[in-house]
Amino acid sequence: MRNGSALFGLAVALFMAAPVARANDATYETPLLRLAEVLGSIHYLRNLCGEGSDVWRGKMEELLETEAPTPARREKLIASFNRGYRSFAGTYENCTDQALSAIDHYMNEGSRISSEIVQRYGN
């Protein structure tokens, strides 16, 4: 599959392992919601382009387990994941060069967001 998979997976793993401030910090919530949306986008696009797995949905489940959010917050995170998934499901029916480019973009963005969360909010 495309480059960056290992890097993004490592960044997400680091995020999951790092103890993170979980207070009602809006500055923490914004990138976390964006990360969930990116995971949804990658889940759709990578499967569209031949991955055929639930790896990225699994990463979202790990994020939810790590965060242990309230029901309302869990709903927001899942809605962000689904929004990312649906945004591309409505755009791409086949794997195209643009879809591959979007994969690269979202893999890089997800890696950056994960790293920033760990750097800014990890203890």
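Helices (H or I, at least four residues) and strands (E, at least two) are DSSP runs, numbered from the N terminus. The model is predicted: local features need pLDDT of at least 70, side-chain atom pairs count only at pLDDT 80 or more, and totals for chains, interfaces and linings use all residues. Residues are numbered from 1 along each chain as its sequence is written, and side-chain values use heavy atoms, with hydrogens and water left out.

**Exercise 1. Describe the overall make-up of the protein.**

Step 1. The protein has five helices and zero strands. Along the sequence this reads as α-α-α-α-α.

Step 2. Take buried to mean under 20% relative accessible area, exposed over 50%, and partly exposed in between (1.4 Å probe, protein chains only). Of the 123 residues, 43% count as buried.

Step 3. A contact means heavy atoms within 4.5 Å. Among contacts with a separation of 6 or more, 81% come from residues 24 or more positions apart.

**Exercise 2. Trace the salt bridges that involve Arg34 and Glu37.**

Step 1. A salt bridge is a side-chain nitrogen of Lys or Arg within 4 Å of a carboxyl oxygen of Asp or Glu. Searching the whole structure gives seven salt bridges.

Step 2. One of them pairs Arg34 with Glu37, with 3.4 Å between the closest N and O atoms. Arg34 and Glu37 are three residues apart in helix H2, so about one helical turn separates them. Arg34 is partly exposed because its relative accessible area is 24%. Glu37, at 18% relative accessibility, counts as buried.

Step 3. Arg34 also forms a salt bridge with Glu109, the closest N and O atoms being 2.7 Å apart. This pair links distant parts of the chain: Glu109 lies in helix H5 and Arg34 in helix H2, 75 residues apart. Glu109 is buried, at 11% relative accessibility.

Step 4. Glu37 meets the side chain of Arg83 in a salt bridge (3.7 Å, N to O). Here helix H4, which holds Arg83, is linked to helix H2, which holds Glu37, and the two residues are 46 residues apart. Arg83 is partly exposed, with a relative accessible area of 41%.

Step 5. Put together, Arg34, Glu37, Arg83 and Glu109 are linked in a network of salt bridges.

**Exercise 3. Locate the disulfide and state its handedness.**

Step 1. A disulfide is a pair of cysteine sulfur atoms within 2.5 Å. The search of the whole structure finds one.

Step 2. The disulfide joins Cys49 to Cys95, at 2.0 Å from S to S. Cys49 sits in the loop between helix H2 (26-48) and helix H3 (55-67), and Cys95 in the loop between H4 and H5, 46 residues apart.

Step 3. The torsion about the S-S bond is about 100°, so the disulfide is right-handed.

Step 4. Cys49 counts as buried at 14% relative accessibility, whereas Cys95 is partly exposed at 36%.

**Exercise 4. Classify the aromatic pairs of Phe88.**

Step 1. Rings of Phe, Tyr and Trp (its six-membered ring) pair if their centres lie within 6.5 Å; planes under 30 degrees apart count as stacked, over 60 as edge-to-face and the rest as tilted. The whole structure has three aromatic pairs.

Step 2. Phe88 and Tyr92 are stacked, at 5.9 Å centre to centre and 10° between the planes. Both Phe88 and Tyr92 are buried.

Step 3. Phe88 and Tyr106 have ring centres 5.4 Å apart and planes at 85°, so this pair is edge-to-face. Phe88 is in helix H4 (residues 71-89) and Tyr106 in helix H5 (residues 97-121), 18 residues apart.

Step 4. Phe88, Tyr92 and Tyr106 form one aromatic cluster.
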